[in-house]
Amino acid sequence: MTTAVLPEADIAGVRSLLGQLRGKGHTHGVIALAAAPVWSGDHEFELGGQSVRVRTAPSVLAVRDALTDRTQVDWVVILTDRSAAELPAGILEHLATGRLSNLDPWPALRELFNASRQEFNLLALSNDAARAALRDLDGTAAPAPGGVLTNDHLFAALAKTHFGLAPAEYTPHHVALWSMDPARTARFQAWQDRTDPVLLAQFYARIEGRLGPLGPAFVTVWRSSGPAQLIPLGLVAALVGDGSAASAAFPVSRDTTVKVRTLLEVELGGRTLTEGQLAAWGNTATLAVAGADVPGHVLRYAEDLVRRLQAEPLVVRSDVLPSALAPRVAHFAAALTTAVESGDLAAAENTWADVLAHRSARIDSPDAPRDVRVGAAALRLLRWQLRENEAPHTLAGWLDDYRTELSWVDGAVNGAFVGADDPTLAAVAHRIVSAVRGRLAVSDRQFARLLASGGVNRSTGPQAPLLIEDVLEKVVRPLTVPRAGATGASITTPTASPVLLVVADGMSAATANEVVADALRRHRPQWQECQLTDTDGLHAALAALPTVTEFSRCSLLTGALAAGRQDRERTGFASWLQGHSLRGSGQVLFHKADMDAVSKGHALAVDVRIAVEDTKTRPVVACVLNDIDDALDRSDPIGTSWTTASFKHLDALLSAAANVGRTVVLVSDHGHVVERREQPSVQRGQQISARYRSADGVDPATLPADEVLVTGPRVLTDTHQAVLAVDEQLRYTGLKAGYHGGATLAEAVIPIAILVNGAVPQHLGLEIRPMSVPGWWEPERVALPESRPVARPTSGAKPAVSAPRKKAAPKPAEQSDTLFDMGTPAAPGPATAPASTGGRNRVEELLGSPLFIQQYNTFRPRIDKQVIGQLLQALIDGNGRIPLPRAAEILGVKAFRARQTVAALSQVINADGVVALSENGTEVELEAALMFEQYEVRP
């Protein structure tokens with residue numbers, strides 16, 4: 001026997017052998033092991049409280065010499081390459097076992113896992129692999145289930161111990177996510193470098209088998225380039241498949257695809273992948289980077305590969321690569337330009353859906369890319385422009401129309417005004433915005449004329465508008481109604497329901513739309529917007545004239561037409577509260593200086609916080625926020641995304657109100673128009689205010705069309721007269737970022753929002769307000785008739801007829817930066833008989849099974865469980881097959897997204913590597929019997 005064929009002993013093998021001997025009653029002695037006479041560890045160490053000495057003996061004489069150590073330590077372990085025949089009886093009689101022992105790893109391996117049996121073909125019955133596993137696990141492993149050691153359990157223990165891949169994560173999706181963690185892939189590389197090649201080869205074979213069709217591709221990359229390249233190469237693989245929906249949407253020459261695919265195969269060491277493998281790999285890689293928290297190096301590596309593999313012409317097909325967004329925007333810009341000419345939005349909607357499908361789009365998010373913001377605004381404005389809109393005939397109608405419709409148009413105009421990087425998009429957006437602003441200017445002049453005749457006097461009746469001086473009476477007071485059963489016998493124990501009135505000075509309705517949407521979406525998800533029942537909503541009021549703080553805010557806070565500043569507002573507010581038995585002790589109205597006072601570590605100034613928390617003696621508290629009004633002086637509000645966090649104190653106020661159960665009324669005192677720094681921007685003299693001037697000596701007959709004369713009791717100047725600017729370009733003072741005081745809808749319409757945290761108090765007569773986004777804001781809500789004349793966004797063009805268009809799928813509201821557009825379809829397909837047996841619904845049993853719940857919670861697909869059940873039922877009824885378009889209809893996604901959506905869903909259904917749900921490019925396939933067996937749903 002030679003050292004070339006004998007294994008090397010290690011600490012794990014020695015530990016196991018000594019453990020077996022002690023289990024048989026041996027307390028000390030000498031062991032001779034048939035092993036290579038080499039030892040890399042410490043020659044003396046303690047094991048279980050006993051001393052152990054390891055000696056190497058390449059000769060019989062060396063074995064005899066090692067025997068002399070038996071009186072110095074508890075155990076002597078002799079590693080020798082001498083055969084049993086070479087050892088004389090005088091040596092053998094001193095050995096604890098009386099013979100030369102073999103280094104058999106299998107008992108030690110079973111003992112390590114507390115197993116009494118092992119799976120047939122464990123580690124391919126390779127002694128070298130078993131010894132390597134013992135060394136790598138170093139005495140720590142979880143007990144084998146049922147006392148049977150299997151390959152699955154052993155490799156799961158190795159992976160979890162050495163590179164953080166948990167046992168439940170042997171799926172393509174989890175492996176892909178794992179591969180993006182540099183720390184864990186570095187640990188794998190370290191393990192790969194030190195472990196036995198035999199064990200490493202078996203690990204690769206095992207992981208390849210567990211990953212299904214993706215196994216060969218994943219292991220090829222893993223072996224040749226390391227696991228960190230799984231996602232970058234997969235993102236390139238997603239570009240080259242000829243049968244993908246993206247390839248149909250963005251066709252390129254066959255030669256280009258072949259060249260990139262050839263270079264990719266060279267990168268894989270010459271391995272050829274099937275269309276199915278490429279598609280599955282691409283889908284897995286794309287899904288892995290679809291979320292928001294993706295390490296930057298992953299996408300950088302992928303972009304480098306795109307350049308190295310000459311895949312730039314294909315990159316537009318990617319939903320995730322950063323460089324794919326610009327060409328998608330270019331496609332959309334070209335389609336939008338055509339839509340302006342034709343009035344047919346079909347191509348523009350579908351190319352816009354491609355833009356939104358990109359992970360970076362993040363529409364309506366403050367960090368959305370510039371071109372996405374401009375593109376969204378331009379398309380929304382074109383949708384609105386193509387609608388037939390009838391001007392209201394009453395002031396109340398104008399207030400409602402502006403709050404629910406035209407304020408969103410104003411917001412979109414401001415969104416488009418940030419300017420695009422893509423030159424085609426910039427040109428068409430400017431064209432659309434110019435046409436829309438022309439229509440808005442007409443609306444402003446129509447409203448101003450009605451304001452001059454009907455808004456200067458108080459009016460009553462069903463057609464009368466809500467006036468700012470009546471907001472306290474008609475909106476705030478009803479929200480203070482006591483709960484039923486309260487007595488309110490003493491002023492110290494009032495029963496009025498608590499209210500927080502937040503006055504955002506200068507907040508236009510367009511800004512309010514953003515702030516309220518953000519509060520409902522992001523700030524404490526339990527916030528709901530409500531409205532008073534048995535009213536017309538009362539969600540907008542008409543400002544006092546001229547529309548400046550001195551008149552409008554004072555009238556708001558005093559509950560009557562009044563002019564004045566903070567002192568007048570305080571006394572007037574206190575008087576109104578006193579007159580309605582709502583006045584308690586302490587300060588109840590807080591202005592800017594109060595809000596900015598020292599907070600002593602709190603989010604709110606101490607006095608403000610105490611007042612908001614004091615619901616017993618201060619049922620109504622009001623706070624004035626000047627952030628918007630200040631921005632009109634100091635910064636550029638165009639393109640600003642207004643959120644609750646944009647205000648210095650609003651988040652803290654909402655939190656404080658929620659903690660004590662106050663209903664929040666968010667209101668403004670006037671709106672504003674912005675300075676667009678364009679020509680013509682008309683300054684007409686130096687007057688007392690930016691947007692109104694004195695009416696002294698004004699001849700109404702000669703007044704320019706961009707101004708309006710107002711006269712009446714609601715005009716709070718000394719003479720009850722003023723000339724108000726109408727066109728937004730007109731100003732009477734020097735250049736600023738924005739102005740107010742005029743007669744535009746944006747300045748005169750006061751937004752009102754009632755916000756409730758948690759359950760809606762029934763005694764207040766509130767109901768949840770429906771989503772206020774207009775129908776043309778989101779693509780799924782556009783419903784253009786198949787044939788009707790439409791208004792044109794450009795002057796002098798002939799009316800066009802809109803054609804039927806492909807309806808773009810909406811992007812989910814709570815997941816603006818997800819990959820797939822998934823959700824419950826608006827109109828489910830026809831009902832089908834349940835997969836039932838003896839009155840049982842097996843699909844429902846599957847959806848309620850512990851394994852499915854675990855899978856669903858692990859992968860968290862953006863697909864409702866009911867929709868998953870509908871898809872499975874349709875597949876069962878279709879004998880295991882349905883066309884991809886039918887699957888898309890059930891899942892509520894666009895047809896070209898069906899394959900990726902099914903791929904995402906298969907991560908949930910295909911548990912433990914069992915492939916029950918799949919797609920072949922044209923159909924979705926289901927092995928129902930296999931699926932039910934996997935989820936233990938009996939026949």
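The following exchange concerns a sheet and a helix of a predicted model.

Modeller: In this predicted model, local features need pLDDT of at least 70 and side-chain atom pairs count only at pLDDT 80 or more, while totals for chains, interfaces and linings use all residues. Residues are numbered from 1 along each chain as its sequence is written, and side-chain values use heavy atoms, with hydrogens and water left out.

Colleague: What makes β16 and β18 a pair?

Modeller: Strands are DSSP runs of E with at least two residues, and helices are runs of H or I with at least four, numbered from the N terminus. Two strands pair if DSSP finds at least two bridges between them; β16 and β18 (residues 721-725) have two bridges, in the antiparallel sense, so the criterion is met. R693 stands opposite V723 in β18.

Colleague: Why are β16 and β17 called edge strands?

Modeller: The open sheet has the order β16-β18-β17. β16 (692-693) and β17 (707-711) each pair on one side only.

Colleague: Which residues of α33 are called buried?

Modeller: Buried means under 20% relative accessible area, exposed over 50%, and partly exposed in between, with a 1.4 Å probe and protein chains only. In α33 (residues 884-891), L884, A887, A888, I890 and L891 are buried.

Colleague: How do you know on which side of α33 they lie?

Modeller: The arc is that of the directions from the helix axis to the C-beta atoms. The buried residues cover only 160° around the axis, and therefore lie on the same side of α33. They pack against α32 (865-877), β25 (881-883), α34 (898-909), β26 (917-919) and β27 (923-926), where contact means heavy atoms within 4.5 Å.
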